[in-house]
Number of protein chains: 2
Amino acid sequence: MSTLVNQQILLVSRPDGEPATDNFKLVSTPVPEPAEGQVLVRHHYLSLDPYMRGRMSEGKSYAQPQPLDAVMIGGTVGEVIASKHPQFAPGDKVVGMGGWQEYAVVDATQRGLLRKVDTTHIPLAAYLGAVGMPGVTAWYGLVKIIEPKAGETVVVSAASGAVGGTVGQLAKARGARIVGIAGGPDKCRQVVEELGFDACVDYKAHAGVAALSAALKAACPNGIDGYFENVGGVILDAVMANANAFCRIAVCGMISGYNGEPIPMAAPQLILTNRMKIEGFIVGEHMAVWPQALGELGAMVAQGQLKYRETVAQGIAAAPQAFLGLLKGRNFGKQLVKLV
Amino acid sequence: MSTLVNQQILLVSRPDGEPATDNFKLVSTPVPEPAEGQVLVRHHYLSLDPYMRGRMSEGKSYAQPQPLDAVMIGGTVGEVIASKHPQFAPGDKVVGMGGWQEYAVVDATQRGLLRKVDTTHIPLAAYLGAVGMPGVTAWYGLVKIIEPKAGETVVVSAASGAVGGTVGQLAKARGARIVGIAGGPDKCRQVVEELGFDACVDYKAHAGVAALSAALKAACPNGIDGYFENVGGVILDAVMANANAFCRIAVCGMISGYNGEPIPMAAPQLILTNRMKIEGFIVGEHMAVWPQALGELGAMVAQGQLKYRETVAQGIAAAPQAFLGLLKGRNFGKQLVKLV
């Protein structure tokens, strides 16, 4: 055990605007033996998610910034290879927040840090996507904020992403008409043909609020009743221009402003004239809903009713580049790094 | 009866930008006899409210525009002088939507058009203010959207207005620290000394978002947990810059944009980072809460626990000028037109 080497990626500097690979550094350290109550996990997959961009900066946000010269935060799935905790045994498949590294020693006495998962009907990697944090994020924003009714129109931006794709399918299962917004014809085709959306608007083909608003109007002939926001900026303005009375907007992300660009909302008076509700949320603050959400998501994946795509980078060294690609929308579906 | 003359004010043109007195016209018409089921009301007071500005325009809003060459819409209180409906008798004091005119013939068979009120402990005019639509507006936004907890800080713009003053006192009664925003030292003094606010920020003394934000920070050392929005624009930006996590914003009005000025929201990403909820509402769509709200407001006024001020114009001919003054913030408290 003591001969194992752990490759880790540290955050070594904070981005000024757009992040770059030199904000990160790959290091090798020996894998420590687990102490009493601890579990040694070998990571199979590392999750890459947009929220990590926020953690790289020092600015005021909902979470503490990622410390410098420490292993980057991140969700992980893997296999227990040594355990000094009675509830975990070698061979157990587990999900946790192991960070950007090949191995992690986890204090299993702390509730919630490590969770055993069943891979009989659900692939291990899905616990980082549709049956994990992104899935619950989609579920919370849709079910608890948008609360779609059958026959309503729900729009989601970044529709081909891990969260957006799930939002659409959950809304569809509730009888809503579901319209995606994504970048490029390939993503839009996948959103409609693979994920079953009713329509998808390519924001890159409709530059500016007026053009995008017209394209959304064509895709949403009955207006927009609910919107799941991952992007912000011009896309939010175009959606608001098509909002129906009592439209609900769940704000999950505003990736268009993550590098500090100004992203003003053009017409907040629409909140009043349309009696809209706009609500931001962080899924980690709503742990009470996770069991219900994971139950629905897990059942749908196990029964093949919830489709998802993965973009998989190979090896820990590829993580920074894959993360930068995610921020630029180069991934299809869930962005993973495969380690084993 | 047939010799009575009714002076009425019609909307005869729509404003292009700022409204002017020539958008209105005073006419005299004979007062008709009430038919079966109808009631003839002599108006004592006419209510002037910011929402009327929206009705003057043709643009998409939550309500149908006011038709041209028709009597301007508006709340009224008065006395029944003739009745052909069994539930109303001459001498009854009533509140209704009689419009900008001295008399109205009301179809009392239509539920909700006319309501008898008790003036034993509550002055008749208060049914157009603290114990009327503005009071219920304050109550709904505060109680149903902001939901203040004791010890929280609630901010309200247009704090010296009929709605704003009531918001503050209702929040104070619930144990919140209450901070107003108003224009000019006189209004700010009145808000604190007469209405009992903990502090009031003079937005005219702090031009620009940065200065206003700093003034709000000084007045709200623990940040802002709830905000009742009547104005929008720079004031909203300055409030959002001081918002705490889980801040709730009830959007009742955005008077700074009523003449078509752009009023972008500078930093909507704060909705996410602070997990804010922003919700627009129209009090007329929530009739179910009116009895509860009017019950609380009426009891507070009758017991002298809810203070309010009135600015009273004299005579129907003064209504247009008084309305334009209201839009410019020249009134203190509720703007009325006294007809009798």
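In chain B of this predicted model, strand 12 (residues 224-229) runs parallel to strand 13 (residues 243-251), and 5 bridges join the two. Within this pair, I224(B) stands opposite A243(B) of strand 13.

These two strands belong to a wider arrangement that draws on both chains. Twelve strands form an open sheet with mixed pairing, in the order 11(A)-10(A)-9(A)-12(A)-13(A)-14(A)-14(B)-13(B)-12(B)-9(B)-10(B)-11(B). The edges of the sheet are strand 11 (199-202) of chain A and strand 11 (199-202) of chain B; each has a single partner strand, so one side of each is left without a neighbour in the sheet. From one strand to the next, the twist averages 15°. Strands of a sheet pair through backbone hydrogen bonds, in either the parallel or the antiparallel sense.

In the order of this sheet, strand 14(A) is followed by strand 14(B). Strand 14 (residues 277-280) of chain A pairs with strand 14 of chain B in the antiparallel sense, over 3 bridges. One of the residues involved is I278(A), whose bridge partner in strand 14 of chain B is I278(B).

The meeting of the chains can also be described by residue contacts. On the side of chain B, 27 residues are in contact with 27 residues of chain A. Helix 7 (269-273) and strand 14 (277-280) of chain B each supply at least two residues of the side of chain B that touches chain A. That side of chain B comprises 15 nonpolar, 8 polar and 4 charged residues.

How are the two copies related in space? In general, a rotation about an axis and a shift along that axis relate two copies of a chain. Here, a turn of 180° with a shift of 0.0 Å along the axis lays chain B on chain A with an RMSD of 0.1 Å. The copies are thus related as by a two-fold rotation axis. Moreover, 100% of the interface residues of chain B are also interface residues in chain A, so the copies meet through the same surface.

Attention now turns to the helices of chain B, beginning with helix 2. This helix of chain B lies across strand 9 (153-157), strand 12, strand 13 and strand 14 of chain B, and runs at about 140° to strand 13 of chain B.

Helix 2 (residues 133-146) of chain B also packs with helix 3 (residues 162-173) of chain B; the angle is about 50° and the axes are 8 Å apart. At that angle, helix 2 of chain B is oblique to helix 3 of chain B. The crossing of these two helices of chain B is right-handed. Helix 2 of chain B contributes P134(B), G135(B), T137(B), A138(B), W139(B), G141(B) and L142(B) to the contact, while helix 3 of chain B contributes A162(B), V163(B), T166(B), V167(B), L170(B) and A171(B). The residues of this contact divide into 9 nonpolar and 4 polar, with no charged residue.

A further partner of helix 2 of chain B is helix 8 (residues 290-302) of chain B, with which helix 2 packs at an angle of about 105°, the axes being 9 Å apart. Helix 2 and helix 8 of chain B are therefore roughly perpendicular to each other. In this contact, G135(B), V136(B), W139(B) and Y140(B) of helix 2 meet W290(B), A293(B), L294(B), E296(B) and L297(B) of helix 8. The contact of helix 2 with helix 8 of chain B is made up of 7 nonpolar, 1 polar and 1 charged residues. G135(B) and W139(B) are thus named in the contact with helix 3 of chain B and in the contact with helix 8 of chain B.

The helix pair 2 and 3 may be followed in chain A as well. The axes of helix 2 (residues 133-146) and helix 3 (residues 162-173) of chain A come within 8 Å and cross at roughly 50°. These two helices of chain A are therefore oblique to each other, and helix 2 of chain A passes helix 3 of chain A in a right-handed crossing.

Finally, chain B holds another open sheet, in which 3 strands pair in the antiparallel sense in the order 2-1-4. Strand 2 (24-30) and strand 4 (70-71) of chain B form its edges, each with a single partner strand, so one side of each is left without a neighbour in the sheet. Strand 1 (residues 5-11) of chain B pairs with strand 2 of chain B in the antiparallel sense over 7 bridges, and V5(B) stands opposite P30(B) in strand 2 of chain B.

Notes:
Residues are numbered from 1 along each chain as its sequence is written. Chains are lettered from A and ligands numbered from 1 in the order in which they are written. This is a predicted model: local features need pLDDT of at least 70, side-chain atom pairs count only at pLDDT 80 or more; totals for chains, interfaces and linings use all residues. Two residues are in contact if their C-beta atoms, placed from the backbone, lie within 7 Å. Helices (H or I, at least four residues) and strands (E, at least two) are DSSP runs, numbered from the N terminus. Ala, Val, Leu, Ile, Met, Phe, Trp, Tyr, Cys and Pro count as nonpolar, Asp, Glu, Lys and Arg as charged, and the others, Gly among them, as polar. Two strands pair if DSSP finds at least two bridges between them. Copies are superposed by least squares on the C-alpha atoms of residues with pLDDT of at least 70 in both. Axes are lines fitted to C-alpha atoms, for helices over the stretch in contact, and angles run from 0 to 180 degrees between N-to-C directions. Angles under 35 degrees count as roughly parallel, over 145 as roughly antiparallel, 65 to 115 as roughly perpendicular and the rest as oblique. A crossing is left-handed if the near helix is turned anticlockwise from the far one by less than a right angle, and right-handed if clockwise.
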